[in-house]
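Q: Please take a close look at a single part of this structure and describe how its surroundings are built. A plain, connected account will do.

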Amino acid sequence: MGYYQDGLRHDMTDISQYYRQDHEKDGYPIRRFWVAEIPSLTSDSGYEVVGCVALGKSDGPLFGELKRLFVLPAHRKRGIGTKLMRTVIVYAKEQKIALLQLETTNFQPVAREMYSRLGWHHNSTRESDFQAGGMRMSFVEYLLPL
């Protein structure tokens, strides 16, 4: 719950403003937020957003944090998450980011499988007090050297 509350206090309150700010002045690469769209006959715009991903700053100018990767359940297993991940990786390389970091949970085995398949390496695991369905949640950190 704290994770969601933190997101609502920071980037998720105003995605446009947060990810469009020029952060070169504080030594970090420019943040970005991408969406995946598909054609839709029921949307006024003609498209439906089915996924998203963000690149935030991490511990230094050469480090980036992959955030907010999500694909709607009905559109999973179609390569959308992989395409979003590759978009972030290409952009990070263009920005001369040396290392990407992400954090997920043990409750997301399919996502963790995708990260491994794309070359991310498990770095650490830390336990949480949260439990669901009799299972304790762990936070799992992955790194991707670029």
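**Gln-101 and its surroundings**

A: Gln-101 is buried, with a relative accessible area of 13% (buried is under 20%, exposed over 50%, partly exposed in between; 1.4 Å probe, protein chains only). This is a predicted model, in which local features need pLDDT of at least 70 and side-chain atom pairs pLDDT 80 or more, while totals for chains, interfaces and linings use all residues. Residues are numbered from 1 along each chain as its sequence is written, and side-chain values use heavy atoms, without hydrogens and water.

Gln-101 lies in strand β4 (helices, H or I of at least four residues, and strands, E of at least two, are DSSP runs numbered from the N terminus). Its side chain makes a polar contact with the side chain of Glu-141, at 3.1 Å (N or O atoms within 3.5 Å; within protein, one able to donate a hydrogen and the other to accept it, and sequence-adjacent residues count only if both atoms are side-chain atoms). Trp-120 is 19 residues away from Gln-101 along the chain, and their C-alpha atoms are 8.7 Å apart.

Strand β4 belongs to an open sheet of six strands with mixed pairing, in the order β1-β2-β3-β4-β6-β5 (strands pair if DSSP finds at least two bridges between them). The edges are β1 and β5; each has a single partner strand, so one side of each has no neighbour in the sheet. On average, neighbouring strands are turned by 20 degrees against each other, direction ignored (axes are lines fitted to C-alpha atoms, for helices over the stretch in contact; angles between N-to-C directions run from 0 to 180 degrees).

On one side, β4 runs antiparallel to β6, joined by seven bridges. Leu-99 has Pro-145 of β6 as its bridge partner. On the other side, three bridges join β4 to β3 in parallel, and Leu-99 is also the bridge partner of Phe-63. Further along, β3 pairs with β2 in the antiparallel sense over six bridges, where Cys-52 stands opposite Phe-70. At the β5 edge, Ser-128 is buried because its relative accessibility is 11%. It touches Arg-136, Met-137 and Phe-139, leaving aside residues up to four places away in sequence (contact means heavy atoms within 4.5 Å).

The helix α3 covers residues 80-94, and its end C-alpha atoms are 21 Å apart, which agrees with the 21 Å expected for 15 residues (1.5 Å times one less than the number of residues). Its buried residues include Ile-80, Leu-84, Met-85, Val-88 and Ile-89. Among the elements covering the buried residues of α3 are β4 (99-105), α4 (109-117) and β6 (135-145). Just after the helix, Lys-96 takes a positive phi of about 65 degrees.

Met-85, Leu-100 and Trp-120 touch the most other members of the largest nonpolar core, which has 25 residues (buried Ala, Val, Leu, Ile, Met, Phe, Trp, Tyr and Cys joined through side-chain atoms within 4.5 Å). At least two residues of this core come from each of β1, β2, β3, α3, β4, α4 and β6. The largest share, seven residues, is supplied by α3. Not counting residues up to four places away in sequence, Met-85 touches Leu-66, Leu-69, Leu-102, Met-114, Tyr-115, Leu-118 and Trp-120.
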